[in-house]
Amino acid sequence: MEPWLPTSPHSRAARADELAIDRICRDYEAWKAKATPTEIYSDICAELVAKGQVRPPTVHIFGHGRPTDALADAMDDLGKSWLPPGRVVIHADLPAPGELGEGMQWVGPGDAWPAAPRKEEWVVLLEAGTRLEPYSLIELLAAARRHPGAQMVYAAHDVALAPGRTLPQFTGGANVEWLRGTNYLGGVAAVRAAAWQDVPGHGRYASAYRLALRLGARQGAASVHYVDKVLSHAAPQLAEGQEEEEFTAAQAELQLLHPGTTLQAGDLLGCWRVRYPDDGAPVSLLVPTGKQQGYLRSLLLSCVQRAPGSIGEALLVVQDEDLPSMEQFVRQWPHAAELPLRLIASGGGAYSHARGINLGMAAAAHDLVLVCDDDIEWMDADAVPELRRLFAERSVAIAAPRLVVQQEDNPLVVAGPHLAGADGLLLNYTGERQGVPERGCLNRLQMAQDVAGVHGSCWMARRSAVLAVGGLDEVHTPLFQPVADLGYRLQQAGWRLVWTPHANAAHMGGMTLKALRRDPVQALALSQAAVDESRYMQTRWVGFAGQHPLYSKHLSGHRPYALDTDMVNTWSLDIPARPRVLALPLRSGSGQYRVIEPLDAVQLHSLAETCVVEPEKPGQTTRRVLTPLDVARFQPDRIVVQHSTSDQDIDNLRAIRRAHPQAFIVQLMDDLASDLPSSHPSYRSGQREGHTRTVQALALSDRLIVSTQPLADYYAPYCKDIRLVPNALDMRHWSGLQRPARTGERIRIGWAGAAQHLGDLRLVQRVVQALAGEVDWVFMGMCPDELRPYVKEFHGFVSYKDYPAKLASLDLDIAIAPLENNPFNACKSNLRLLEYGAMGWPVVCSDVYPYQTDDPPVLRVPDDDGAWLDALGRLIADAGFRHTQGQALHGWLQARYTLERHAEDWFRAIFAPPAGQ
C-alpha cells in the first residue's frame, strides 16, 4: 500500500515531489503552447544579424562521454541556426572520422589545440546531446552585447523526462552558493574567450562550470548573466564521467578560494554539500523578548546544550514594562557561566521589533550576531557552527537556517528559501507538503543557496554589514517587514544572503505576537501596521523584486516555483528593439475585438511586442490581473486595461500608480457604464455606480481609447487624452464564411446578440409575430420568452473562438439589427453590421447613429412596424436584391473595417507620445 498511501516521512516526501513535478510538467506543456516565437521576434532577430549587432561565433562542441549521434544532432541544430556559426571546433574522445567541411576542426586525442581567438571575442560552448533552438546563439550573444560586465551567459533550458513530460529549468540568475553544490547551467553557454582560456581543462565542457564558479567568486554574480528564455533542451542523462568532472571542478575552485573547504557527495545525483572552514569566532545572541519567559528559557537551554562554546553572550532586548520580571529571570538563570545574559531596555510605548534589534546590534560585542525570536530552539549541535561557516565568504551578510515546527509526529518546514514575490514581499518556499525530506524544485529544499530574503524569526548577521546600511528601518517597517527590508538594502549594497537546510531550528509560531493580539486594541494596531508595512514594501521594493536575478520572471509571484500560465511573456529584456505593451482584456467578445486582436495585428505588422493576460474562463473562480510585479518584471512602455471599474481593478491601478508613478496606463472603453436602458441586465448597478467608477478608473489612466465619437465626447470632461479607433474584424477569423445562396426553401431571417439587447428585440416583437407564418426566424445568443413561440431555431452563445463559424452556420438569407434610440446605444459601434457583412447577408436595421456611420449599404428603418415589414418584404421578394445588398455590405466591410487596415491606427493610439511631448 505504501506507493498509493505513503505513511513514512520519506515516502510522503517522495510522493509530494512527484506530484510537484507532474504539475509543473503539465503547466509547462500549456506554457510552451503560448510561448512559440512570433513573427515580430523573427524580424527582430533578423535585424540584429543584418546590422552586425551579433556576429557568427566560434562554437566549441564537446562530445566526451557522448555517442556520435549526439555530435550529429548538434551539427544539425547549428545548421538550422538563424545565426550560423563562423567556425565549429569539435572536441571528442575519438579521432576525426574523415574529411571535415570548411570552417570545422576536430580536436581528438593528441590533436593540436585550435588557434586562440581574439581576447575580446565571445565563443559558444555546447555539450553534445544538448539540442538548440534556431535563435539560441542570437539570444546568448545579444545578452553578452547588452551586458558589458558579463564574462559568461547561460539560459533557461528543459529536460525530457518521458514522452510528453518535460521539466523546465528556469533556474534564475547566478546563485553563488547553489552553484557550488550543483551545476545548473545547462548544456550551452557563451563565454568571453579570454576568461575561459584561463581556466584549467578548457578542452572539456566541465570548464564552463568551473569558469562560472570562478567568476562568481572573484567578480560577483553579475559577471555570469542569465537569459530567462528556454534556449536549449538537455540530454536526459548525464554524460559518462560528467558528475565526477564537475565535482572535481567545484572542489578545485573552492580550495583556491577557501583552503580547507570540503565537498560531501550526497544521495542526489549531481549534488554535493559544501562545508567551509569554521573559524570558531564567538557569536552574540540577540533576542527581543519579555513576554514569553518559558519559551525564552527553552531557547537559552538549547544554546547551552547544542551550541556550547559558540555563543559568547545573550542580549535580551526588553520593553520597560517587562524589565522587573526579566531582571528576576536573569538573576535566576543557572547557566550564567556558560551563557551570560545581558538586558537591554528598548523603552516604552508601542512595541517595535526593528528598534529592539537595532539596540541589540549596537550593543553586541561580536561581529556575528544571531537574532532569534524567543520561541526558537536549536535542534542539533551542527546548526550554529553551520551558519557560522557560511561567513567564511566575506560577501555574506546574513545566513539563515531551515525552521521547522513539530506537528504531532510530523515535523513540517515553516521557513525555507525565500524568493522575491508579489508586491515586493518575500515568498517562503516550503515545498509541496512542507515535509522535511522533500527535495523541492530542482532539489532546492536540500541545498544551500543565495536567497532574496530570510525568515525574520531566526538569522545570523554580519554586524558590520547591518550597521553599514543603517540597521533596520524603525519608521516604515517597525514590526512585520524589517528583516525583509534590511535584506533588500543589503543586496542593493552588494551583500549576499544565504539559506541552508543543514542548520535546523524549531519555531513555535510567533508566540509574542499571539500574546499581544489577545488585547483587542493591540490586535487592531497590529493589523493596521501589517497593512501599512505591506504597502510600503510594495511602493519601495516591488521594482527591485521584479528585477531580482535569483527568481525567473516566468514563475508565479504568489506560489513559489509555479509556472505562470495565464501571462506568458516571451520578449527579451536584452533585445529592446520595439515598443512593448502589457494588456489585460475582458473575457467577453469585447476583450477579443478591442484588445487581443488589435494587439495581434500590431505585432503581426512588426510594430510592437505585446503580452496579453489570458482572460479567465467560464466557471473560473480566480482572475489573473496585471500587477505591480508584472510591470517591474517586464518594464512595458504601455499598460493597456479595459473597463477596469471593479473594486479589484481600481485597487490594482492604484497599486501600479504607487509603485510605478512613471507607468503609462491606457484605458479602453467601448460602452457607456452609465445611462443604461432599464432593460439592460446591469441597469441598477450602472445607474448607481457606473459613472463614479468610470471616473475613478479614468483618473488613474493617462489615455483613453474609444470606439465611437459619441463615447469620446461623453468622456472628454474626464480624460484629456482620448483616441478613437473603430471596431474592425480580424479577417484571419472572419474570411471565407459566405455560403452559396439558398433556393427553394422558406426564407431564413435572423439575429445574433447578447442579453443586454432585450429592449432592442422588443422593437421588432410584432414584426417577428407577423412574419412567423411565412419565414423561419433564427435567433442566436438570447431570445425573449415572448418571442420563443415564433422562433424556428434558437442557438446558444459559443466561445469567441467558435463564434464566426457558428454565426455562419445560421445560414441566413436576411439579418436584422434593431437598436433602441437612447444615449447608451448612441455610443455603441456598428460591430453587428461588420459581422453580418462578413457573412454577406443583407441587413435591415434601426436608423440610429451607430448604423449611420460611414453610410453602410443596409436598409435603415425608423421604429415603426410598417417600415420594418416593408423593408423586409422587399428583400423577401427579390433574391437578386438580397444578393446585391449582401455583397455590397461585404465590400463595404473589406474597404473600411478590416483590422489589417487599422493596425497602424492602433499602434499610434497606444504608443503616441502624450500631447505636448
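## Close-up views of a predicted model

**View 1. Leu300 and the residues around it.** Setting aside neighbours within four places in sequence, L300 touches L285, A314, F329, W333, L339 and L341. Keep in mind as you look that this is a predicted model. Which residues touch the most other members of the largest nonpolar core? They are M152, F170, L285, L300, L339, L370 and W378, out of 93 residues in that core. Helix α7, residues 206–218, gives the most to this core, with six residues. Another core lies apart from it and has 61 residues, including V764, V767, V791 and V843. If you wonder about the general pattern, nonpolar side chains in soluble globular proteins tend to be buried together.

**View 2. An aromatic pair that joins distant parts of the chain, Y28 and F170.** The structure holds 27 aromatic pairs, and here you can look at one of them: Y28 with F170, an edge-to-face pair. The ring centres are 6.4 Å apart, and there is 80° between the planes. Where do the two partners sit in the chain? Y28 belongs to helix α1 (residues 9–34), whereas F170 is in the loop between β7 (165–169) and α5 (176–181). That puts the two residues 142 residues apart, so the pair links distant parts of the chain. Are these rings buried or exposed? Y28 counts as buried at 1% relative accessibility, and F170 is buried too, with a relative accessible area of 5%.

**View 3. A second edge-to-face pair, W571 and F634.** Why is this pair called edge-to-face? The ring planes of W571 and F634 stand at 90°, with the centres 6.3 Å apart, so the pair falls in the edge-to-face class. W571 is in the loop between α16 (520–546) and β24, while F634 is in helix α18 (residues 628–634). The pair therefore ties together parts that are 63 residues apart in sequence. W571 counts as buried at 7% relative accessibility, and F634 is buried with a relative accessible area of 4%.

**View 4. A cluster of aromatic rings.** Here you can find four residues, Y154, W178, Y184 and Y226, which form one aromatic cluster. Try picking out each ring in turn: Y154, W178, Y184 and then Y226.

**View 5. An open sheet with a helix packed on it.** Six strands make up this open sheet, in the order β25-β24-β26-β27-β28-β29, and their pairing is parallel. Which strands stand at the edges? They are β25 (609–612) and β29 (722–724); each has a single partner strand, so one side of each is left without a neighbour in the sheet. From one strand to the next, the twist averages 25°. Inside the sheet, β27 (residues 665–669) and β28 (residues 703–706) pair in the parallel sense over four bridges. One residue to look for is Q667, whose bridge partner in β28 is L704. Helix α31 (residues 899–911) packs on the sheet and touches β24 (580–584), β26 (638–642), β27, β28 and β29. The direction of helix α31 makes about 155° with that of β28.

**View 6. A hairpin and its turn.** Strands β17 (residues 396–407) and β18 (residues 410–415) pair in the antiparallel sense, over five bridges. L403 has A415 in β18 as its bridge partner. What happens between the two strands of the hairpin? There are two residues between them, and E408 in this hairpin takes a positive phi near 55°.

**View 7. Two loop residues with positive phi.** D423 is not a glycine, yet its phi is positive, near 60°. D423 lies in the loop between β19 (418–420) and β20 (426–428), and is partly exposed, with a relative accessible area of 26%. Q434 is not a glycine either, and has a positive phi of about 65°. Q434 sits in the loop between β20 and β21 (449–450) and is partly exposed, at 29% relative accessible area.

**View 8. Cysteines without disulfides.** How many disulfides does a search of the whole structure find? The search finds zero. For C303, the nearest cysteine sulfur is that of C372, 6.4 Å away. C303 counts as buried at 2% relative accessibility. For C719, the nearest cysteine sulfur is that of C827, 15 Å away. C719 also counts as buried, at 7% relative accessibility.

Notes: Residues are numbered from 1 along each chain as its sequence is written. This is a predicted model: local features need pLDDT of at least 70, side-chain atom pairs count only at pLDDT 80 or more; totals for chains, interfaces and linings use all residues. Side-chain values use heavy atoms; hydrogens and water are left out. Two strands pair if DSSP finds at least two bridges between them. Axes are lines fitted to C-alpha atoms, for helices over the stretch in contact, and angles run from 0 to 180 degrees between N-to-C directions. Contact means heavy atoms within 4.5 Å. Buried means under 20% relative accessible area, exposed over 50%, partly exposed in between (1.4 Å probe, protein chains only). A nonpolar core is a set of buried Ala, Val, Leu, Ile, Met, Phe, Trp, Tyr and Cys residues joined through side-chain atoms within 4.5 Å. A disulfide is a pair of cysteine sulfur atoms within 2.5 Å. Rings of Phe, Tyr and Trp (its six-membered ring) pair if their centres lie within 6.5 Å; planes under 30 degrees apart count as stacked, over 60 as edge-to-face and the rest as tilted.
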